[in-house]
Amino acid sequence: MNLSLDSLRINFETFHPTGPQLKSGNLWSLMVQIEPLVLGNGDAQNTRVGSHLIIRHSFFEEFDRDIYANMDLDIDTKRAALKVSASVVSLVSLTGGKPFFMGSGTIIESEEVDGTHLSTILTSASLLRSTPESDALPGDIKIDVYLSDGKFLEGQVFSYDFHYNIAAIKIKTELALPSATLRILDDSISAVPSAISESFQLCPHSDVFNLCPGDMVVAVGRYFEKPNELMSAPGKFSLDCVKFDCKELFRTNCQISKCGIGGPLVNRYGEVIGVNFYDSLCTPFLPINIAVKCLEHFKIYGLSNITYIVQQKSQVHFASGLVFGRQEEHNKL
């Protein structure tokens, strides 16, 4: 689906045939009127910077153009984002022909199956919720996927986990697509800022990545409007608490927008170390360690998270003696 001015107008008029009349103006002014109604985003706030209208806390906010901290990127940020760029996609979920969520995702696997290539996209399960409270997929859900070159593909829901809020989407292509490099986090994380020398940081050689408070990270996403540009938000890893229910979440001070939900968090080498979520004050993320375990479970037990028994062991130790994480058995029958 091409989310153009005309298609948004059609969706709005169909959804609200007796609603307020659209005012004349450009696409931005149209978004201001549409998003709180069509996309259920009542917390959107409009801010004007000169002649440029910014819709804060919305799917339409491009976090590389509309957030000041991300407008002038340094060379390290650009290099890290470029490394993962070809694997970052935009995703739009629709029901009844109307978009209800726009997010980002990462191609993490591509394999040949019967002469075609089947790729797996890791993203947020928020893409599949028609309402924030829903734990069921809409019966007519459709997933539009936009690759780094702007090519459109239709995605299929492979599996999802609403506890960890992640999902796997499958797409078919004639050629293999570039997959991102995943780097498992070391489960011993020092509470003291990294004292590792810069020369060592430039020569990674371990199978796991040691992440310390203050370390550079980059949140990456792809915008859903053509030309489907890459968005990057630099920041630092923090041990501060996250307000969401999932205790396994970490946080960074990267500043993204809602269309970056589900996109990758990468280290300075462009390796994926987490899946990004959204908060107006920070960027929470799920460590890639847990996402990989969930994907392994998906492959063994199939499509849905409605029925499964999983024993999850995930502990992260801090030098201060505190333990972040949990060891528990999930039973969802």
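In this predicted model, six strands close into a barrel in the order E12-E13-E14-E17-E16-E15, and their pairing is antiparallel. From one strand to the next, the twist averages 45°. One of the neighbouring pairs is E13 (residues 230-238) with E14 (residues 250-252), antiparallel strands joined by 2 bridges. Ser 238 has Arg 251 of E14 as its bridge partner. As background, the strands of a sheet pair through backbone hydrogen bonds, in either a parallel or an antiparallel sense.

Two helices pack on these barrel strands. Helix H3 (residues 75-85) lies across E12 (216-222), E13, E15 and E16, and its direction makes an angle of about 50° with E12. Helix H5 lies across E16 and E17 (283-287), running at about 50° to E17.

H5 itself is easy to check for regularity. The helix covers residues 288-301, 14 residues in total, so at 1.5 Å a residue it should span 20 Å; the C-alpha atoms at its ends are 20 Å apart, in agreement with that expectation. Its buried residues are Ile 288, Ile 290, Ala 291, Cys 294, Leu 295, His 297 and Phe 298. When reading that list, keep in mind that an α-helix has 3.6 residues a turn, so residues three or four places apart point the same way.

**Salt bridges**

There are 4 salt bridges in the structure. Three of them are set out here, with the N to O distance for each.

| Basic residue | Acidic residue | N to O distance |
|---|---|---|
| Lys 299 | Glu 109 | 2.8 Å |
| Lys 142 | Asp 144 | 2.5 Å |
| Arg 183 | Glu 271 | 3.0 Å |

Take the bridge between Glu 109 and Lys 299. Glu 109 sits in strand E4 (residues 98-113) and Lys 299 in helix H5, so this pair ties together parts of the chain 190 residues apart in sequence. Glu 109 is partly exposed, because its relative accessibility is 24%. Lys 299 has a relative accessibility of 53% and therefore counts as exposed.

The bridge between Lys 142 and Asp 144 joins residues with contrasting surroundings. Lys 142 is partly exposed at a relative accessible area of 30%, whereas Asp 144 is buried at 0%.

In the bridge between Arg 183 and Glu 271, distant parts of the chain are linked: Arg 183 belongs to the loop between E8 (166-173) and E9 (184-185), while Glu 271 is in the loop between E15 and E16, 88 residues apart. Both Arg 183 and Glu 271 are buried.

**The loop around Asn 267**

What does Asn 267 touch in the loop between E15 (264-266) and E16 (272-276)? Leaving aside neighbours within four places in sequence, Asn 267 is in contact with Ala 80, Arg 183, Phe 209, Met 216 and Ile 273. Arg 183 is thus a contact of Asn 267 as well as the salt-bridge partner of Glu 271. Asn 267 also meets Glu 271 directly, through a polar contact of 2.8 Å between their side chains. In addition, the Asn 267 side chain reaches the backbone nitrogen of Tyr 269 at 3.0 Å. With a relative accessible area of 0%, Asn 267 is buried.

**Two hairpins in a row**

Strands E6, E7 and E8 offer another part of the chain to follow. E6 (residues 142-146) and E7 (residues 152-161) pair antiparallel over 4 bridges, with Tyr 146 opposite Phe 152 of E7. These two strands form a hairpin with 5 residues between them, and Gly 150 in the turn has a positive phi of about 90°.

E7 is also joined to E8, by 5 bridges and again in the antiparallel sense. Tyr 160 has Ala 167 of E8 as its bridge partner. This hairpin has 4 residues between its strands, and Asn 165 takes a positive phi near 60°.

**The chain overall**

The chain contains 5 helices and 19 strands. Of its 333 residues, 51% count as buried. Among contacts with a separation of 6 or more, residues 24 or more positions apart account for 60%.

Methods
Residues numbered from 1 in each chain as written. Predicted model: local features only at pLDDT ≥ 70, side-chain atom pairs only at ≥ 80, totals over all residues. Heavy atoms only, no water. Expected span 1.5 Å × (residues − 1). Buried < 20%, exposed > 50% of the residue type's maximum accessible area, 1.4 Å probe, protein only. Polar contact = N/O pair within 3.5 Å; in protein donor to acceptor, adjacent residues only side chain to side chain. Contact = heavy atoms within 4.5 Å. Pairing = 2+ DSSP bridges. Axes fitted to C-alpha atoms, helices over the stretch in contact; angles between N-to-C directions. Salt bridge = Lys/Arg side-chain N within 4 Å of Asp/Glu carboxyl O.
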